[in-house]
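Student: Hi! Could you walk me through a structure that is new to me?
Tutor: Happy to, here it is.
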Amino acid sequence: MCCCWNCNEDLLRLQSLLSYLGPSEDIKGLVLDFLCSAKDQIPNWLSVEVMCSNETRAVKLLLGMAPKALLPYATETFKDDNKKWCMLFTFLHEHIQNIPDDHPNVETYSQTFNAVLRHLAEHLNPVELLSLLPHGENPIFLPHVQRCVEKHQAEQLKNQNSIFGTRN
């Protein structure tokens, strides 16, 4: 693994260029082709690979190689796009089901999973959230479903009050 100033400087330049230009799909493809062909020589370039990948591939890369970066990436990239947050939930849930309890990142995955659930509970309606959750009883989902229902009921009351007005 090369950590020389020259390689790090090249990495920073490429990251800056990609961030500034918002590269076209053609340029992203060229960079990804280069990274794939030189993967053994440049193992520290995960950030560039994520920047040039579509969101699905980026999530999979981060899930496997840098799980602590997953939530900040999603927060910055997905914003309020519930479809993408649901995709992240699905990948995370599947990944968590397949890792052993003694995996070194199990706590990181668990925290990220709960943060994604909190986000979805705040942004989906109860029917959407329940349809996303796996079938069967799992107590980990209950507080999130309860929060989602409470938020939805509060929004309904707020809408009723705004329609009918409040009485004093």
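Tutor: One term to start: contact means heavy atoms within 4.5 Å. This is a predicted model, where local features need pLDDT of at least 70 and side-chain atom pairs count only at pLDDT 80 or more, while totals for chains, interfaces and linings use all residues. Residues are numbered from 1 along each chain as its sequence is written, and side-chain values use heavy atoms, leaving out hydrogens and water.
Student: Cool. Which residues of H4 meet H6?
Tutor: Glu55, Thr56, Val59, Lys60 and Leu63 in H4 do, and their partners in H6 are Lys84, Met87, Leu88, Phe91, Leu92 and His95. Helices here are DSSP runs (H or I, at least four residues), numbered from the N terminus.
Student: And which residues of H4 are buried?
Tutor: Ala58, Val59, Leu61, Leu62 and Leu63, where buried means under 20% relative accessible area (1.4 Å probe, protein chains only). The buried residues of H4 pack against H3, H5 (70–78), H6 and H7 (106–123).
Student: New topic: where is Ser53?
Tutor: Ser53 sits in the loop between helix H3 (46–52) and H4.
Student: Why does Ser53 count as buried?
Tutor: Because its relative accessibility is 7%.
Student: What does the side chain of Ser53 join up with?
Tutor: The side chain of Arg57, through a polar contact of 3.2 Å. That term covers a pair of N or O atoms within 3.5 Å; within protein, one must be able to donate a hydrogen and the other to accept it, and residues adjacent in sequence count only if both atoms are side-chain atoms.
Student: What caps the N-terminal end of H4?
Tutor: Asn54, with a side-chain oxygen 3.2 Å from the backbone nitrogen of Thr56.

How values were computed:
Helix = DSSP H or I, 4+ residues; strand = E, 2+ residues; numbered from the N terminus. Buried < 20%, exposed > 50% of the residue type's maximum accessible area, 1.4 Å probe, protein only.
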